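Trainee: Could you take me through one part of this protein slowly, the sheet and what packs on it? I'd like to look along with you.

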Amino acid sequence: MTTSASVPAGPQGATADGGTVTDRLVEANERYAAAFTDPGMDARPVLHVAVVACMDARIDLHASLGLALGDCHTIRNAGGVVTDDVIRSLTISQRALGTRSVVLIHHTGCGLESLTEEFRHDLEMEVGQRPSWAVEAFRDVDQDVRQSMQRVRTSPFLLHTDDVRGFVFDVKSGLLREIDPA
């Protein structure tokens with residue numbers, strides 16, 4: 001399988017041809033747009049589901065779940081953890097755009113398992129300002145999925161909390177393993 005990772009990028013994101021990675025993305029968009037036709041879709045997801053997942057580049061989220069364009073709302077962040085901003089996005093997704101189900105996906109080998117909240121302290125020492133956000137590091141991926149499910153289920157802003165399920169994606173096999181919320 002050929003991926004973008006097989007195209008080397010140099011310092012500061014420069015590619016072998018001297019352009020930047022961003023230049024490469026813009027050029028790819030121009031090719032995409034040249035063949036693009038408006039699918040005439042509504043912003044409301046066809047499957048009425050929002051998926052919260054880690055931003056890890058190894059996870060082809062839509063392919064791994066058999067999703068097509070327009071099927072779901074996708075919310076990704078470091079760890080796939082449910083933060084205040086994720087609750088904000090889910091609230092808009094449910095209240096303004098009709099989603100009813102929430103799927104949470106963490107994964108094996110997550111980088112947040114090797115970080116601690118000390119990361120924030122190190123940033124403060126480096127830049128002179130403490131980040132307002134938590135790292136949300138964790139040691140036990142299953143327990144963190146449970147915590148994320150609980151945060152969704154107990155949010156006063158969300159209308160639909162009865163269909164909230166959490167999973168761990170195995171980056172070696174591509175399989176999901178469901179986490180019991182108890």
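Mentor: Sure, and keep in mind that this is a predicted model. Let's start with helix H3, residues 84–97, which lies across E1, E2 and E3. Find E2 under that helix and compare directions: H3 runs at about 170° to E2.

Now look at the strands themselves. Five of them make an open sheet, and reading across you get E2-E1-E3-E4-E5, with mixed pairing. The edges are E2 (72–77) and E5 (176–179), each of which pairs on one side only. From one strand to the next, the twist averages 25°.

As a general point, strands in a sheet pair through backbone hydrogen bonds, and they can do that parallel or antiparallel. Zoom in on E1 (residues 49–54) and E3 (residues 101–107): this pair goes in the parallel sense, over five bridges. A handy spot to check by eye is Val-52, which stands opposite Leu-104 in E3.

Next, slide along to helix H5, residues 141–153. H5 lies across E3, E4 (164–169) and E5, and its angle to E4 is about 155°. So much for the sheet and these two helices.

While you have the model open, have a look at the largest pocket too. About 300 Å³ of space lies in there. Its lining takes in 14 residues, and those nearest the centre are Thr-83, Trp-133, Ala-134, Val-135 and Glu-136. By type, the lining splits into eight nonpolar, two polar and four charged residues.

Note on methods:
Residues are numbered from 1 along each chain as its sequence is written. This is a predicted model: local features need pLDDT of at least 70, side-chain atom pairs count only at pLDDT 80 or more; totals for chains, interfaces and linings use all residues. Side-chain values use heavy atoms; hydrogens and water are left out. On a 1 Å grid over the protein atoms alone, a cavity is a set of points where a 1.4 Å probe fits but cannot get out, and a pocket is an open set with protein on both sides within 12 Å along at least five of seven lines; lining residues have an atom within 4 Å of a point. Grid points are joined across faces, edges and corners, and a volume is the space filled by probe spheres set on the points. Ala, Val, Leu, Ile, Met, Phe, Trp, Tyr, Cys and Pro count as nonpolar, Asp, Glu, Lys and Arg as charged, and the others, Gly among them, as polar. Two strands pair if DSSP finds at least two bridges between them. Helices (H or I, at least four residues) and strands (E, at least two) are DSSP runs, numbered from the N terminus. Axes are lines fitted to C-alpha atoms, for helices over the stretch in contact, and angles run from 0 to 180 degrees between N-to-C directions. Contact means heavy atoms within 4.5 Å.
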